[in-house]
Structure formats: C-alpha cells, structure tokens
Amino acid sequence: ELVWLREHPPLYTSGTSGHATDLLEERFPLFTTGRGGQLTYHGPGQRVAYVMLDLKRRRPDVRAYVAALEQWIIASLDAFNVQGERREDRVGVWVRRPDKGNGYEDKIAAIGVRLKRWVSLHGIAINVEPDLSHFKAIVPCGISDPRYGVTSLVDLGLPVVMTDVDLALRTAFEPIFGATRPAPPNDD
C-alpha cells in the first residue's frame with residue numbers, strides 16, 4: 001500500500017464518465033484514464049495524491065472508500081480553518097461561497113478512483129494554488145451550474161504552500177485509514 005503525492009504539468013484527464021463535449025477548449029493535452037468521473041484539470045499548484053490501498057483487507061465497499069477520501073480531505077482542510085463539505089449529489093469536497101451569492105459553492109478538491117481486485121488506484125486532487133482559469137476550458141466534473149465553481153486555498157485568502165498541505169494530509173490520513181510508515185528512501 002502506498003500514497004504518492006504529485007504535482008503535474010498542465011493537463012486534462014477524462015474518466016470513464018467523461019464526455020467529449022465537456023472539453024470546451026484544447027489548451028492542454030487530454031488523457032483518457034480508467035478512473036471514475038468526468039473531465040478535470042491537473043497542474044502546478046494542485047496536490048494530487050495517488051492512493052493505492054488494499055480494500056479487501058480494510059473494507060471492500062466503494063462508497064465507504066469514497067466517503068473516507070472525502071473525510072480525509074475535509075480533515076486536511078480543517079488544519080487551515082477551511083470548512084470542506086461533501087454533497088450527496090456531487091462527488092468531491094466543496095466550500096460554501098456566500099460572498100458570491102446565496103447557494104453558491106466552489107469545489108476545492110476532486111476525487112476519481114478505480115478499483116482493481118479491490119485495490120484502489122487514482123485518488124484525489126486538492127487545489128492549493130493552481131491557475132483557476134485553466135478550469136474554464138472544461139466543464140469540470142460535468143458540473144455546469146453557474147452556482148458551482150472551482151476554488152483553491154490561496155483563492156480563499158490563505159497563504160498556504162504545498163508542504164503545508166502535505167503535512168495536513170499526512171496528519172489527517174492515519175485517523176481515517178490507519179497507521180502508516182514512511183516509504184524507503186528512493187535512490188534515483
């Protein structure tokens with residue numbers, strides 16, 4: 001079992017529910033993936049966590065796993081006094097934006113997973129300080145309702161850097177998923 005923390009160059013990915021019409025402008029390469037979900041953006045300023053866990057050993061329940069990922073993100077955001085919330089009708093983690101109007105919410109973190117023999121693949125993406133204009137070239141996660149946008153920690157006014165988010169992710173992981181140990185050193 002491993003968790004990889006990555007930051008990608010600008011690109012779009014399409015999950016198994018993706019629609020070609022959700023790519024509004026070809027700004028960056030588009031990669032088709034085997035994960036669930038629709039189109040999303042990955043790029044600098046976004047922490048992507050690839051999570052490979054043996055759910056057969058833990059709890060073989062897809063919905064419970066996605067809920068645990070959402071809870072992991074929510075607990076990590078709590079370290080920055082950001083109240084992340086889950087929604088029954090929308091996957092990912094959301095923050096309320098009353099400054100934009102009544103009922104407005106922005107997505108701060110996306111989730112896209114795949115299971116193979118109950119081993120999880122793909123994972124989460126938390127917007128720390130990406131260029132949010134890059135989301136305008138797609139219909140992010142298939143959500144076109146103008147009340148639902150995309151935000152980041154820095155967009156919310158928090159001077160957060162990637163190492164702060166990494167520490168928050170590490171701290172919040174164990175209470176939800178169990179004890180961890182560091183990976184052996186990489187000799188590359």
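Trainee: Which element gives the most to the lining of the second largest pocket?

Mentor: Keep in mind that this is a predicted model. The second largest pocket has a volume of about 690 Å³. Of the 21 residues that line this pocket, Glu1, Leu2, Val3, Arg181 and Ala183 are the closest to its centre. Two or more lining residues come from each of E1, H1 and H3, and the element that gives the most, with 5 residues, is E1.

Trainee: Thanks! How far apart are the end C-alpha atoms of helix H3?

Mentor: Happy to walk through that one. H3 runs over residues 162–177, and at 1.5 Å a residue its 16 residues should span 22 Å. The model agrees with this, since the end C-alpha atoms are apart by 22 Å.

Trainee: Are the buried residues of H3 on the same side or on opposite sides?

Mentor: Met162, Val165, Asp166, Ala168, Leu169, Ala172, Phe173 and Phe177 are the buried ones. Around the helix axis they cover an arc of only 160°. Thr163, Leu167, Thr171 and Pro175 are exposed on the other side of H3. The arc therefore puts the buried residues of H3 on the same side.

Trainee: And the largest pocket: which class has 16 residues in its lining?

Mentor: That pocket holds about 840 Å³ of space. Its lining has 38 residues, with Val66, Val91, Ile111, Gly112 and Val113 nearest the centre. Strand E8 supplies the largest share, 7 residues. Besides 12 polar and 10 charged residues, the lining has 16 that are nonpolar.

Notes
Residues numbered from 1 in each chain as written. Predicted model: local features only at pLDDT ≥ 70, side-chain atom pairs only at ≥ 80, totals over all residues. Heavy atoms only, no water. Helix = DSSP H or I, 4+ residues; strand = E, 2+ residues; numbered from the N terminus. Expected span 1.5 Å × (residues − 1). Buried < 20%, exposed > 50% of the residue type's maximum accessible area, 1.4 Å probe, protein only. Arc of directions from axis to C-beta. 1 Å grid on protein atoms, 1.4 Å probe; cavity = no way out; pocket = protein on both sides within 12 Å on 5 of 7 lines; lining within 4 Å. Points joined across faces, edges and corners; volume = space filled by probe spheres on them. Nonpolar A, V, L, I, M, F, W, Y, C, P; charged D, E, K, R; others polar.
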